[in-house]
Amino acid sequence: MLTLDGATVRFGRDRAHTALDGVDLTVAEHEVVCVLGPSGSGKSTLLRAVAGLQPLDAGRVLLEGRDQGAVPAHRRGVGLMFQDHQLFPQHDVGGNVAFGLRMHGVPRRERPARVARLLELVGLAGAERRAVATLSGGEQQRVALARALAPRPRLLMLDEPLGQLDRTLRERLVVELRELFAELGTTVLAVTHDQGEAFALADRVVVMRQGRVAQSGTPLEVWRRPADAFVARFLGFDNVIDATVTGEVADTAWGKLPVPAGTPSGGCRLLVRPAGVRLVPAAAGLACTVTARTFRGSHVALRLAPCDDGPRLDAACALRDAPETGAEVGVVFDGEDVVVLP
Ligand code: ADP
Ligand code: MG
């Protein structure tokens with residue numbers, strides 16, 4: 001459906017600032033791809049380039065195999081829901097959703113039925129005559145989504161679709177969106193800085209860093225095997241440490257850690273997922289002091305400081321096993337949760 005081939009966008013004087021740096025990306029029909037990256041990594045620029053709102057300095061955008069270089073935005077057949085999803089305050093809900101239909105030449109008599117169906121899809125059946133100002137944040141988000149879906153774009157692009165909503169609402173809407181996209185068979189390219197949102201929404205996640213693709217894979221692949229320390233840290237994994245590998249053992253400031261058979265000998269960095277940091281009695285394993293303890297609902301997150309120096313560690317443990325702040329514990333590492341980073 002969509003192919004980006006070395007897409008490059010530069011800004012500023014002498015075009016010295018590269019916002020999009022040779023990005024290669026594909027989105028298959030019916031696929032939901034989520035681009036994840038910190039603020040300023042080029043996510044919005046990427047969507048604008050695909051939509052035809054931002055010219056490329058190099059590279060190509062192809063839709064269904066056709067180069068879009070000479071195709072203006074309104075002819076590309078893609079829908080874009082902007083980051084701030086501004087609704088038209090002077091129009092009611094129905095008027096907002098119908099906007100795209102008018103633009104795309106759908107006859108007036110067909111519009112009400114289309115609008116009603118879309119509002120039903122986003123869980124706002126019968127809301128046509130409501131004023132935009134009377135809607136909650138979540139309802140406005142749904143209206144913006146219905147408006148973007150209305151012209152039946154072959155590719156729907158969403159810029160931080162749930163960014164402005166509170167957490168509970170976001171978690172609910174993410175589930176509803178997934179159902180909706182599956183039902184409609186919509187091809188979706190969404191961007192977000194929120195990893196939870198990306199992982200919940202996407203068939204495939206593309207992690208961006210400074211205008212480049214740092215990693216692409218299914219949520220499970222990226223979660224299991226972050227490609228490098230940047231991706232690991234961005235996903236919230238902070239247990240990253242320098243290591244020297246010999247055979248199936250790595251020497252680190254946390255002592256000797258197991259690594260998978262076949263790991264190349266020599267220097268590398270290791271990620272230890274918090275689940276792989278296991279607590280044992282203080283006399284066994286690496287001696288640490290608990291410096292912080294945070295209740296996370298399903299588990300307790302612990303911050304541990306090794307007694308003999310070395311970087312701090314994050315651990316996760318069950319509520320009933322969680323030691324108090326200040327307690328001395330021992331730590332051993334599970335090989336399954338040790339990931340070798342390049
Ligand atoms: P994101 O959406 O990931 O936060 P953006 O795509 O908005 O990132 O921006 C990427 C980089 O390009 C940023 O450094 C931003 O300041 C810059 N940028 C974006 N749009 C413009 C513009 N119209 N003019 C100049 N610089 C821009
Ligand atoms: Mg943005």
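Me: How much area does the chain expose, and what share of it do carbon and sulfur atoms supply?
Reply: In this predicted model, the chain exposes about 16,600 Å², and carbon and sulfur atoms supply 50% of that area.

Me: And how many of the residues count as buried?
Reply: The chain has 342 residues, and 47% of them count as buried.

Me: What helices and strands am I looking at, and what does the trace span?
Reply: There are 8 helices and 20 strands in the chain, and the C-alpha trace spans about 80 × 45 × 35 Å along its principal axes.

Me: Which residues have the most contacts inside the largest nonpolar core?
Reply: Those are Val97, Leu145, Leu158 and Phe181, in a core that has 56 residues. A second core, separate from that one, has 25 residues, and Val259, Leu286, Cys317 and Val331 are among them.

Me: Let me stay with leucine 158 for a moment; what is it in contact with?
Reply: Leaving aside neighbours within four places in sequence, leucine 158 is in contact with Leu47, Met81, Leu145, Phe181, Val188, Leu189, Ala190 and Val191.

Me: Leu145 turns up there, so which helix is it in, and is that helix mostly covered or mostly open?
Reply: Leu145 is one of the buried residues of helix H4, and H4 is mostly covered, with 10 of its 13 residues buried. The buried set also includes Gln141, Arg142 and Arg147.

Me: What covers those buried residues of H4?
Reply: The cover includes strand E6 (78–81), helix H2 (93–103) and helix H3 (111–121), together with strand E7 (155–159) and helix H5 (167–184).

Me: How far does H4 reach from end to end?
Reply: Helix H4, residues 137–149, reaches 18 Å from its first C-alpha to its last, which is close to the 18 Å expected at 1.5 Å a residue.

Me: Changing topic, where is threonine 186?
Reply: Threonine 186 is in the loop between H5 and strand E8 (188–192).

Me: Is that threonine buried or exposed, and why?
Reply: Threonine 186 is buried, because its relative accessible area is 8% and the cut-off for buried is under 20%. Not counting residues up to four places away in sequence, threonine 186 touches His30, Glu31, Leu149, Leu156 and Phe181.

Me: How far apart are threonine 186 and tryptophan 223?
Reply: They are 37 residues apart in sequence, and 25 Å apart in space from C-alpha to C-alpha.

Me: Last one, on charges: how far apart are the mean positions of the positive and negative ones?
Reply: The chain has 40 positive and 40 negative charges, and their mean positions are 7 Å apart.

Definitions and conventions: Residues are numbered from 1 along each chain as its sequence is written. Chains are lettered from A and ligands numbered from 1 in the order in which they are written. This is a predicted model: local features need pLDDT of at least 70, side-chain atom pairs count only at pLDDT 80 or more; totals for chains, interfaces and linings use all residues. Side-chain values use heavy atoms; hydrogens and water are left out. Helices (H or I, at least four residues) and strands (E, at least two) are DSSP runs, numbered from the N terminus. Buried means under 20% relative accessible area, exposed over 50%, partly exposed in between (1.4 Å probe, protein chains only). Accessible areas come from the Shrake-Rupley method with a 1.4 Å probe; for residues, only the protein chains shown count as cover. Lys and Arg count as positive and Asp and Glu as negative; His and the chain ends are not counted. The place of a charge is taken as NZ of Lys, CZ of Arg, CG of Asp or CD of Glu. A nonpolar core is a set of buried Ala, Val, Leu, Ile, Met, Phe, Trp, Tyr and Cys residues joined through side-chain atoms within 4.5 Å. Contact means heavy atoms within 4.5 Å. The expected span of a helix is 1.5 Å times one less than its number of residues.
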